[in-house]
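Hello,

Here is the structure I promised to pass on to you. Please open it first, and then read my notes below with it in view.

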Amino acid sequence: MFLSTLFCALYWVSLVSAKFGDPLSHGVDDLFDVMGQATIDEWNVDAGNVVLNIETEMVIGQDEIWVLDFQAYEMADGSTPVDDSAPANLIPEKTGSCSNIFANTTGFYKDTYSPAPPGTKDLYNAFTKGSPSDGRRFDNYTYTGDVDTLLECTNTDAEKVWVHKVYEDYVEFNATLYMTNVRPKYINKPVAASYIESYVVLYWRLLRVALSRFLISSTERLRPVFQYAIVSTVYVNDDASLDVDRSRAHVELVFKTVTDSDGELISVYRYGSLVYTSPNTKNTLSHIKLLPSRGCSSALGVRRTRFVAISDAQMTATTELSAASDGRLYGEGFWAPSSADTSASLTIDLREVKYISGIQTQGSKYSLNYVTDYEVRYYTVTNDWRSLGTFSGNFDSDTVVTNMFDVPVEANIVRIFPLASVNDKAMRVEILGCPTEGRQADHLDLVNTPVCDYIEFPGQCTQLWQFFMVLNVDEGSVSNNMPIDATGNFQFQYETYRCDNASDVGYDTCEQLQIPDAVVSHEITLQTTVQLTDSEKDKPWLVVTQVYGDDSSVNLIGGYRPGVSHLETVTIELEFYPQFLRTQVGLELMLFMVCIGEQYQNDPDGCFSAPADDSYTAYVHEDFSFTMSTGVDLVADNITPSSQTLATYSYDWSDELYTITFVNKALSARTRDYTITTVFRLVPAQRKRRDISDDMGLLTRDRRDLQTNAKKQQLSTVTMKSRGCPITATHDPIYLECLCMNGYAYSKEHYDCIVPEVELVQDLEDVTTPIQKDAPPVAKPVDITEKQADDSAASSITSAPILLFVATIIARSY
């Protein structure tokens, strides 16, 4: 695993300030004795459409206005958006870009006032005026649209109001929405108004998980072995100090290849062969950041450093709106041709023949101008120009995009033709390559291929491969609590060489075999989950990150085939969030339960709602307790345990991961959906016996909403397929076994009914039974069914339950 996208949005409300102006000249100041409130009525996303609805409660007959803004009502200089001159006036310029002060206007204190969004502002696009009832009226300010508009909100200083913090597994965005009730001291008198202000903290948490689906090869001579897949954050302009680029994901894939031979064959990655395809045409390969080294990718000296190898005189262009010599990677300037130059090109004279193997590009550093497609040509040693092809360029102004050529070529002049751009054409470049002395272009990839390891798989060349890619990810259809899968297939091609001594790092004796390349295909799912909640519902949440059988490279989350078989060992891995809590608390399993039926996937009570005959409990802790949605309280005495048990279950405090393993038992002979429900609680780090609220006290004020919900349960679901009994077997519902037809036995090795192996038995102690020379041996079937795991070593931790999680997993059996 690894980490599919979790957006988590929530809010937290607090009174922040109040100001009551000058004292009244007579009487009692009871201006706010009767006052309504502003609340978040809806904070949701459905099919990529965000809804933020703020409900304001108005007191009929009371002069007042609610000001909604992502900055405090009173500015640093003491000014406010309500001008109390006679008559009072609203000043939109004193609020941020996403406030509800849409225009300069008067008469806004009165019940007859109806604002008209959006006016000069960018967020709210609807206002609904409520009907008076019992002296109150409930109005609604609503934004409906894409999330980008929301995240682009700025204050009066043109600073973005959303800030982000990057954790190891997710990114958190937050912004503070101020809700201020403003009332005049006097009508039509220039006296500062009074106000009471509260605020709401909005959070978005972005979590992506990479799920490995399959890793296969097109030929038996090369076998891929999965290591890991990791997804991480991409920043605008590749700069961590800037915004997070939510439309892209950085993916790191690592796997080994085992070349089947007697130590004579090695594999060499073919440059230019990496291809990414996805059923969703919006999920594409943005660019490649890291490939296996070919030993010829050094910067040849165009880039801006203290000492440059390529002089200004060596850089020329057809036209120069900005100088050609400014077109250096990482430079402050850039090269820009004239807009009228339809055949513009930038030429770099190396002044000596070198191998060129790739090119790196950027756009303008200080403006949104960059080249998206370009062609590269080179001048050869045979005195003619040749094209290396067209390449995809940049997607922003500052991120370095690298394109490697299929094969290094000898050149002394390189010419770059910008073909398409965003706004004006602007380029900063570097040429990658190496000297030609002592090198052969067709041997560079071979000489620098990863060294063979012959220890892990004796006699076979085992090599480790690492690839870093950036993907464009479509998130247009995300919905609340609905995981969105972006599945795609990576393909890598490998040449095969035969070597007299493959353990020789120089590979001087190697020769390429004239056979088709081995094609390694790796299907990866980037899973994005959106969870929106509010201050009353906010709590730690549980995420199932891995479900796999014998083949750990195939993550079965989401019902991915082939699923698991009867008597196959299944591993489930879980994590909890928010991540900052992991330094204080960990997970403890309280119950593990399996039932038939996918209808329990979204049931708030999971398998607790299933009939007893359709479920079994493999583990229950003596301190288990759970309150069902119906209000029924369950404890360990209410749960009937079964003979089925878990193999292992433990929390790794260093990896912050909970792992459960169990032997899959067929609940049915045919295709069925199973639900696996687990209940967890949080326990303090080091298992110290103290209440978890002591740890929660360390949280900042806007995080303490987690404390009040720390004892509430949570439901998490994941789908998985499971193969039931073979077609030649019947199902025993009592012992949950697959009973093969006469003469066959169920094989855990093949997960099928097969003719059992036999072993010869000669009862040498029975002297009354002479051994006949021609008598057939006695056949004894080998018992190859798996015994149930012993649960006697299960831990029994007696600390009081602190937090319950419910994780529900859907399994399918054929």
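**A backbone oddity to start with**

Glu656 counts as buried, because its relative accessibility is 18% and the cut-off for buried is under 20%. Please bear in mind that this is a predicted model. Glu656 sits in the loop that links strand S34 (646–652) to strand S35 (657–663). Its phi is positive, about 55°, although Glu656 is not a glycine. Most residues other than glycine have a negative phi.

Is Ala158, which also has a positive phi, buried or exposed? Ala158 counts as exposed, because its relative accessibility is 62% and exposed means over 50%. You will find Ala158 in the loop between helix H1 (147–151) and strand S9 (163–166). Its phi is about 65°, and Ala158 is not a glycine either.

**The chain as a whole**

Now a step back, to help you find your way around. The chain has four helices and 44 strands. It holds 814 residues, and 54% of them count as buried. The accessible surface of the chain is about 36,300 Å², with 49% of that belonging to carbon and sulfur atoms.

**Strand S25 and its partners**

Strand S25 covers residues 484–499 and pairs with strand S14 (residues 265–269) in the antiparallel sense, over five bridges. In that pairing, Ser267 stands opposite Thr496. Strand S15 (residues 275–277) also runs antiparallel to S25, and three bridges join the two. There, Val275 stands opposite Gln491 of S25. Strand S26 (residues 510–512) is another antiparallel partner of S25, again over three bridges. To see this pairing, look for Tyr497, which stands opposite Gln512 in S26.

**A buried glutamate**

Glu252 lies in strand S13 (residues 248–259). Which side chain of opposite charge is nearest to Glu252? That is Lys289, which is 11 Å away, and Glu252 has no salt bridge although it is buried. The side chain of Glu252 does make a polar contact with the side chain of Tyr228, at 3.0 Å. Leaving aside residues up to four places away in sequence, Glu252 touches Tyr228, Ala229, Ile230, Gln466, Phe467 and Phe468.

**Two cis peptide bonds**

Most peptide bonds are trans. Where can you look for cis ones here? One is the bond from Pro117 to Pro118, with omega near 5°. Pro118 lies in the loop between strand S6 (89–90) and strand S7 (126–128). The bond from Tyr577 to Pro578 is cis as well, also with omega near 5°. Pro578 belongs to the loop between strand S29 (569–577) and strand S30 (585–596).

**One last residue**

Leu526 is part of strand S27 (residues 518–532). Leu526 counts as buried, because its relative accessibility is 3%. Its C-alpha is 8.6 Å from that of Val473, and the two residues are 53 apart in sequence.

I hope these notes help you settle in with the model.

Best wishes

Methods:
Residues numbered from 1 in each chain as written. Predicted model: local features only at pLDDT ≥ 70, side-chain atom pairs only at ≥ 80, totals over all residues. Heavy atoms only, no water. Buried < 20%, exposed > 50% of the residue type's maximum accessible area, 1.4 Å probe, protein only. Areas by Shrake-Rupley, 256 points an atom, 1.4 Å probe, with all protein chains shown as cover. Pairing = 2+ DSSP bridges. Lys, Arg positive; Asp, Glu negative; His and termini not counted. Salt bridge = Lys/Arg side-chain N within 4 Å of Asp/Glu carboxyl O. Polar contact = N/O pair within 3.5 Å; in protein donor to acceptor, adjacent residues only side chain to side chain. Contact = heavy atoms within 4.5 Å.
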